[in-house]
Amino acid sequence: MPELPEVEVVRRGLERWVSGRTVASAEVRHPRAVRRHRTGPEGFTEALAGQRVGPAMRRGKYLWLPLDDSPFSVLAHLGMSGQLLVQPQDAPDEKHLRVRVRFDDDQGTELRFVDQRTFGGLSLHETTPDGLPDVIAHIARDPLDPLFDDAAFHAALRARRTTVKRALLDQSLISGVGNIYADEALWRSRLHYERPVSGFTRPRTAELLGHIRDVMNEALAVGGTSFDSLYVNVNGESGYFDRSLDAYGREDEPCRRCGTPMRRRAWMNRSSYFCPRCQRPPRLTD
């Protein structure tokens, strides 16, 4: 599933090619693509027609388009394979095209939601006074947000009876971090994924946040991480950060720091990648 850098790359594309345009019409090609919209496909298309799209927004992994003259926003859930593509109107339809949005101008492009596995979708939700769709109002700020509060994060972390990777994936605590970037930041911090957070000092929390920000900014600079053709930006281009990963996906390859073979362990229906020498597991008394 896309994490913060991948979603931010898509947001920037929407900001450039979609924000400020007025919707002429919308077409739902598969009802599952709007299953989270309360009034179904017809209600979705009727609500969008004639609306002017505001600036593309993101919090963590969540992406939305506010509607300028409406109390609603279009929330995009990309799921495992969702893509938001800006395509020429005369371009052939993609095999898994689910929703098409046409605009009332002469730019000659349209917005397409393509989703092979149909786990993602688009839906309209009321916008809160804070500018978020109401269904994601509980999502915490992400570490690249200028208003992210490092001190409050540290206090919340210390209060949790959990381990560090579970904390990083808790979107109500810190948003935007998923399995890939959690493993990368933990490797850089020399922290095992099962390290309890209740004993974290301020310097340790600050170091961890610094590594999270560094790895996400580096990923952003090269368009995010793409392991297959499913994650792309709005122009259909893949990211290249997978070539720079230090931990994720590197089972049995030498640690870039010490040369020890990297390991993979099953973890919460996912995998955790780590160096058994640089990231020693915690002692039972830790």
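About 130 Å³ of space lies in the largest cavity of this structure, which is a predicted model. The structure holds one cavity of 30 Å³ or more, and the residues that line the largest cavity are 16 nonpolar, with no polar and no charged ones among them. Apart from the cavity, this briefing follows helix α6 (residues 202-221), whose axis comes within 9 Å of the axis of helix α5 (residues 179-189), and which also packs with helix α3 (residues 150-159) and crosses helix α1 (residues 4-17).

**The cavity and its lining**

- Of the 16 residues that line the largest cavity, L65, V74, V101, L111 and L122 are the closest to its centre.
- At least two residues of this lining are supplied by each of α2 (40-48), β3 (62-66), β4 (72-77) and β6 (97-103), and the largest share, three residues, comes from β3.

**Helix α5 against helix α6**

- The axes of α5 and α6 come within 9 Å and cross at roughly 125°, and the two helices are therefore oblique to each other.
- The crossing of α5 and α6 is right-handed, and on the α5 side the contact is made by Y181, E184, A185, L186, R188 and S189.
- On the α6 side, the residues that make this contact with α5 are E207, L208, H211, I212, D214, V215, M216, E218 and A219.
- Sorted by class, the contact of α5 with α6 has eight nonpolar, two polar and five charged residues.

**Helix α3 against helix α6**

- Helix α3 and helix α6 pack at an angle of about 115°, and their axes are 10 Å apart.
- The crossing in which α3 passes α6 is right-handed, and the contact is made by D150, A151, F153, H154 and L157 of α3 together with R202, T205, L209 and R213 of α6.
- In this contact of α3 with α6 there are four nonpolar, two polar and three charged residues.

**Helix α1 against helix α6**

- The axes of α1 and α6 come within 9 Å and cross at roughly 40°, which makes α1 oblique to α6.
- The crossing of α1 and α6 is right-handed, and the residues that make the contact are L4, P5, E8, V9 and R12 of α1 and M216, A219 and L220 of α6.
- By class, the residues of the contact of α1 with α6 divide into six nonpolar, no polar and two charged.

**Residues of α6 that recur**

- M216 and A219 of α6 take part in the contact with α5, and M216 and A219 also take part in the contact with α1.

Definitions and conventions:
Residues are numbered from 1 along each chain as its sequence is written. This is a predicted model: local features need pLDDT of at least 70, side-chain atom pairs count only at pLDDT 80 or more; totals for chains, interfaces and linings use all residues. Side-chain values use heavy atoms; hydrogens and water are left out. Axes are lines fitted to C-alpha atoms, for helices over the stretch in contact, and angles run from 0 to 180 degrees between N-to-C directions. Helices (H or I, at least four residues) and strands (E, at least two) are DSSP runs, numbered from the N terminus. Angles under 35 degrees count as roughly parallel, over 145 as roughly antiparallel, 65 to 115 as roughly perpendicular and the rest as oblique. A crossing is left-handed if the near helix is turned anticlockwise from the far one by less than a right angle, and right-handed if clockwise. Contact means heavy atoms within 4.5 Å. Ala, Val, Leu, Ile, Met, Phe, Trp, Tyr, Cys and Pro count as nonpolar, Asp, Glu, Lys and Arg as charged, and the others, Gly among them, as polar. On a 1 Å grid over the protein atoms alone, a cavity is a set of points where a 1.4 Å probe fits but cannot get out, and a pocket is an open set with protein on both sides within 12 Å along at least five of seven lines; lining residues have an atom within 4 Å of a point. Grid points are joined across faces, edges and corners, and a volume is the space filled by probe spheres set on the points.
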